[in-house]
Amino acid sequence: GHPQRISINLYLYGKGRRLMLTREITAVELAEAMRRDFVANVSHEIRTPLTVVSGFIETLQTLELSASERREYLELMSTQAQRMQSLVSDLLTFSRLEGSPVPGVGEWIDAQAMLQQVVNEAQALSEVLGRGPHQVLAQSGPSFLIAGARAELHSAMSNLLNNAVRHTPAGAQVRAGWTLNNDGGAGFYVSDDGPGIEAEHLPRLTERFYRVDRSRSRETGGTGLGLAIVKHVAQRHGGLVQIESALGQGSTFRIILPPSRVLNHSD
Ligand code: ADP
C-alpha cells in the first residue's frame, strides 16, 4: 500500500517575521531529514570551536608573542577545547539513551537524598562561577522512593540545576525540591530568579541545539543539548518536562514522574 504521509510545518525565521510552509512527507523521509539535520547541527557545533583552536595554533606558530599574550591565547584555546569536550560528552549521553532499553523499575532511589546530592554539586559549580555560597537552596519536601535509572535521573536533575546556576546572576537564588502530586506522581522542580525566557521560545527549548541566544549560550558554556537530554530521560521514565517562565520573572523547570515510578511510604 501507500506509505503513510505526515504533514509537517516548516518555520523560517528572519527579520522578526515567521513564514510557515506545510509539506507532506513519509515517516521514512521525516526520519532521514531529522538525521541529516542532526548531523549538520553537530558538525556546525564542532566546527566553530575547532576553527578558533586552529586559528590560535597558527598564530602561536607564526607570531612572536609576549608571555601574557601567549597565556591569553592558551586560555581561549582551553575554553574551546572544553566546549568540544562537553559537546562530545552530551552526544554520548544522548546516544546511550537512544540505544538502551527504557529502564524498568531499576532501583529504588531516595528522592530527598538524590536532591541533596545534586544541590551540593550545583553549589560547587556556583562557587566556581563566583556566584556566592548561598545561591542554591534545597527546599524541604516529602520523602518517597523513585523507581528508575539513577544515572539518568541524576544527569537530568543536574542539567536543570546547572542551567539555572549558569543563567542566574550572583545575588539571585536557585531553589530545587520535590513535590508529590494529587495523582500519586511526583515532580522535581528547579526555580530560579534569573532573567526568564520569552514565551515564544518555550515550546522549542527542549529541541536539540535550540538556544534562545546563541552567543550568550556560548559564553555560559552550554551545548544546546541539556534540555533535550532532560526531556529524553523524563519520557523514558513515562514522564514529561514542564517549563514556566516569563521575561524578567525567573524560570521554573519541572520533571513530572507518573505514579508508577513513585513509592510513597505514607500510602
Ligand atoms: P544550553 O546548553 O545552551 O544551556 P539547554 O538545552 O540546556 O542548552 O537550554 C536551551 C536554552 O534554554 C539555553 O540556551 C538558554 O537560552 C535557555 N535556558 C535554559 N535554562 C534556562 C534558565 N534557567 N534561565 C534562562 N534561560 C534558560
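Start with the whole protein chain in view: of its contacts with a separation of 6 or more, 66% are between residues 24 or more positions apart. Keep in mind that this is a predicted model. Colour the chain by secondary structure and you should find six helices and ten strands. The C-alpha trace spans about 70 × 60 × 35 Å along its principal axes, and buried residues make up 40% of the 267 residues.

**First stop: H1 and H2**

Now select residues 27–62, which form helix H1, and residues 67–99, which form helix H2. How do the two axes meet? They come within 9 Å of each other and cross at roughly 160°. An angle over 145° counts as roughly antiparallel, and H1 and H2 are therefore roughly antiparallel to each other. Turn the view until one helix lies in front of the other, and you can check that H1 passes H2 in a left-handed crossing.

Next, show the side chains between them. On the H1 side, look for Phe38, Val42, Glu45, Ile46, Pro49, Leu50, Val52, Val53, Phe56, Ile57, Thr59 and Leu60. These meet Arg70, Tyr73, Leu74, Leu76, Met77, Gln80, Ala81, Arg83, Met84, Leu87 and Leu91 in H2. If you colour this contact by residue type, it divides into 18 nonpolar, two polar and three charged residues.

**Second stop: an aromatic pair between the helices**

The structure holds four aromatic pairs. Stay with H1 and H2 for one of them, and select Phe56 and Tyr73. Their ring centres are 4.8 Å apart and their planes stand at 50°, so this pair is tilted. Because Phe56 sits in helix H1 and Tyr73 in helix H2, the pair ties together parts that are 17 residues apart in sequence. Is each ring buried or exposed? Phe56 is buried, at 17% relative accessible area, while Tyr73 has 21% relative accessibility and counts as partly exposed.

**Third stop: Phe144 and Trp178**

Move on to Phe144 and Trp178, whose ring centres lie 5.4 Å apart. With their planes at 85°, the pair is edge-to-face. Phe144 is in the loop between strand S4 (136–138) and strand S5 (145–148), and Trp178 is in strand S6 (residues 174–180). The pair thus links distant parts of the chain, 34 residues apart. Switch on a surface here: Phe144 counts as buried at 2% relative accessibility, and Trp178 is buried too, with a relative accessible area of 4%.

To finish, add Phe188 to your selection. Ring pairs link Phe144, Trp178 and Phe188 into a cluster.

Technical notes
Residues numbered from 1 in each chain as written. Predicted model: local features only at pLDDT ≥ 70, side-chain atom pairs only at ≥ 80, totals over all residues. Heavy atoms only, no water. Axes fitted to C-alpha atoms, helices over the stretch in contact; angles between N-to-C directions. Helix = DSSP H or I, 4+ residues; strand = E, 2+ residues; numbered from the N terminus. Parallel < 35°, antiparallel > 145°, perpendicular 65-115°, else oblique. Left-handed = near helix turned anticlockwise from the far one by under 90°. Contact = heavy atoms within 4.5 Å. Nonpolar A, V, L, I, M, F, W, Y, C, P; charged D, E, K, R; others polar. Phe/Tyr/Trp six-rings, centres within 6.5 Å; stacked < 30°, edge-to-face > 60°. Buried < 20%, exposed > 50% of the residue type's maximum accessible area, 1.4 Å probe, protein only.
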